[in-house]
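Visitor: I am new to this structure and would like to understand the words used to describe it. Could you show it to me and then explain how each description is reached?

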Number of protein chains: 2
Amino acid sequence: MTVQTVSLNKSHGGMQGVYRHASRETQTEMTFSVFVPPHEENARLPVVFYLSGLTCTHANVTEKGEFRHACSELGLIFVAPDTSPRGADVPGDANNAYDFGLGAGFYVDATQAPFAKNYRMWSYVTDELPKLVAENFPVDEARQSVFGHSMGGHGALTVALRNPARYRAASAFAPIVAPSQVPWGIKALGGYLGNDRQVWRKHDTVALIEDGARFSEFLVDYGDADQFLGEQLRPELLKSACEKAKIPLTLRRQAGYDHSYYFISSFMSDHLRWHAARLKA
Amino acid sequence: MTVQTVSLNKSHGGMQGVYRHASRETQTEMTFSVFVPPHEENARLPVVFYLSGLTCTHANVTEKGEFRHACSELGLIFVAPDTSPRGADVPGDANNAYDFGLGAGFYVDATQAPFAKNYRMWSYVTDELPKLVAENFPVDEARQSVFGHSMGGHGALTVALRNPARYRAASAFAPIVAPSQVPWGIKALGGYLGNDRQVWRKHDTVALIEDGARFSEFLVDYGDADQFLGEQLRPELLKSACEKAKIPLTLRRQAGYDHSYYFISSFMSDHLRWHAARLKA
């Protein structure tokens, strides 16, 4: 696989790159960013995958995430993919909605026409991208973790629950934890996966836990001024599911914070330290 | 003066605001951002003014500057104005150039038609904005400092040299130090101030120092991979002028860094700590 460098900038002692490649899964060009911290020659470093939320590309967290200082200090590679396939031939939402289609892949492999051909973000983030990154960057494949924001928090938690041996840590900022029960999720899972709600359960954190999936522990932050809290995020459903399943959950209600990168960047270092402790254990 | 709140987001324990007001100086609406760190009720805090570079608005540093963590830790208010007047009636560059007119006010009060009416960024950043901020935020007016990037580094150093009693500290990232001698500066100073180069000297850091202006000390960082270094920035001219004038200059050549916010954000905390030490002395 050939990776094309879009940009490369020194930052916080490491190198922030943006890359493009022809994706086997999405059959489009996909763009992603990778930060490589300063490291000794031939070192293999732990890698953290960050999955972004609705409307985002790799650029939002890359520009506003404030992760580089901590990644340099902790020796973590930070990878940020896009949130959907893009391109003139990629079908989107007929109404150009922000919550379905472009920028809203929801980290599933679509089964429904016309989305099934390109919308394969599950396979992209769990298989194609990790391999591509491992081939092209100084990654220790035995030390991977995943986190994300909102739709990407949903992605991170489901990815971790279905691949507990692969990821040593998982956390989220303001995740959608029960997409089968909230408007964003019902629209996306219905549109990509069809009307059989049983199929949705593999892409629903709360349902996965109810069905027996397990992970070592989660860290989740949300802001109590988040405009999507009550309708779309519903952290209480995660709390209840984790309690029943005895999955340790550190669930933090952050007073006054909203859904934006002003919130995410405030707790980014916390999350990275939490990941580093588990990646280096 | 009435200040309208455009947005207000909690971040790193403080509040990041974006504000708009009708400016007396530019006769336009001007937008600026202010971060207020967590503080005790009735406290008056030191304030740092950050002047941005060509093409920027308040938003670039506000989103990419990574200053909030350090400002919260150090108890600093951070103010970021726009770089020019804007609006349908504001004359710009006939060719829509990035280096003159909109986004390129160069921190001077223009004397030449058609710019003299609106392009009054010198008076805006040294007089109108500090007063506006002091009236509307918990600022200790006795503790102000100034810094900036590129064109904004030029602004910060000239503002400090001409108001040494007002500002307790001044620093810059990749500043234009001798605009009278480099293409960006010659175009801007000629366009705004006319052809009499004697008039330019009050807006040229090196010339101001040659003409006797003094400041306690400067901190300046630049990247040796900065694409504008040799033609536009020329830090060696500042070094030579400061040496002759015996102005202490901490001039740091940062290996591998370019002109972008990836560079600025890497050394933002350093600069803020340097300012805080002098603001709290």
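## How the descriptions are reached

Guide: Leaving aside neighbours within four places in sequence, His21(A) is in contact with Thr2(A), Val3(A), Thr28(A), Glu29(A), Met30(A), Phe32(A), Tyr124(A), Glu128(A) and Leu132(A). Please keep in mind that this is a predicted model. As for its place, His21(A) belongs to strand β2 of chain A, which covers residues 14-22.

Visitor: Why is His21(A) called buried or exposed, whichever it is?

Guide: The relative accessibility of His21(A) is 2%, and buried means under 20%, so His21(A) counts as buried.

Visitor: What makes the pairing of the side chains of His21(A) and Tyr124(A) a polar contact?

Guide: The distance that joins these two side chains, His21(A) and Tyr124(A), is 2.8 Å, and a polar contact asks for a pair of N or O atoms within 3.5 Å, one able to donate a hydrogen and the other to accept it; the pair is therefore listed as a polar contact.

Visitor: Where is Ser150(A), and which residues does Ser150(A) touch?

Guide: Ser150(A) sits in the loop of chain A between β6 (139-149) and α4 (151-162). Not counting residues up to four places away in sequence, Ser150(A) touches Gly53(A), Phe173(A), Ala174(A), Pro175(A), Ile176(A), Trp184(A), Leu233(A) and His259(A). With His259(A) there is also a polar contact between the two side chains, at 2.9 Å.

Visitor: How do you know whether Ser150(A) is buried or exposed?

Guide: The value for Ser150(A) is 3% relative accessibility, and since buried means under 20%, Ser150(A) counts as buried.

Visitor: What makes Gly87(A) buried, exposed or partly exposed?

Guide: Gly87(A), which is found in the loop between β5 and α3 of chain A, has a relative accessibility of 40%. Buried would need a value under 20% and exposed a value over 50%, with partly exposed in between, so Gly87(A) counts as partly exposed. Gly87(A) and Met30(A) are 57 residues apart in sequence, while their C-alpha atoms are 9.5 Å apart in space.

Visitor: Why is Lys246(A) called buried or exposed, and what is its phi?

Guide: Lys246(A) has 72% relative accessibility, and exposed means over 50%, so Lys246(A) counts as exposed. The phi of Lys246(A) is positive, about 55°, although the residue is not a glycine, and its place is the loop between α9 (235-245) and β9 (249-254) of chain A. In chain B, Lys246(B) has a positive phi near 60° and, at 72% relative accessibility, counts as exposed.

Visitor: How many disulfides are there, and how do you know that Cys71(A) is in no disulfide?

Guide: A search of the whole structure finds 0 disulfides over all chains. For Cys71(A), the nearest cysteine sulfur is that of Cys56(A), 18 Å away, whereas a disulfide needs two cysteine sulfur atoms within 2.5 Å; Cys71(A) is therefore in no disulfide. In chain B, the nearest cysteine sulfur to Cys71(B) is that of Cys56(B), also 18 Å away, and Cys71(B) is in no disulfide. Cys71(A) has a relative accessible area of 0% and is buried, and Cys71(B), at 0% relative accessibility, counts as buried.

Visitor: Why is the packing of α3(A) on α4(A) called parallel, perpendicular or oblique?

Guide: Helix α3 (residues 121-136) of chain A packs with α4(A) at an angle of about 60°, with the axes 11 Å apart. Angles under 35 degrees count as roughly parallel, over 145 as roughly antiparallel and 65 to 115 as roughly perpendicular, and the rest are oblique, so α3(A) is oblique to α4(A). The contact is made by Trp122(A), Val125(A) and Thr126(A) of α3(A) with Thr158(A), Val159(A) and Arg162(A) of α4(A), and the crossing is right-handed.

Visitor: What makes α3(B) and α4(B) parallel or oblique to each other?

Guide: The axes of α3(B) and α4(B) come within 12 Å and cross at roughly 60°, which lies outside the ranges for roughly parallel, antiparallel and perpendicular, and the two helices are therefore oblique to each other. In this crossing α3(B) passes α4(B) in a right-handed way.

Definitions and conventions
Residues numbered from 1 in each chain as written. Chains lettered and ligands numbered in written order. Predicted model: local features only at pLDDT ≥ 70, side-chain atom pairs only at ≥ 80, totals over all residues. Heavy atoms only, no water. Helix = DSSP H or I, 4+ residues; strand = E, 2+ residues; numbered from the N terminus. Buried < 20%, exposed > 50% of the residue type's maximum accessible area, 1.4 Å probe, protein only. Contact = heavy atoms within 4.5 Å. Axes fitted to C-alpha atoms, helices over the stretch in contact; angles between N-to-C directions. Left-handed = near helix turned anticlockwise from the far one by under 90°.
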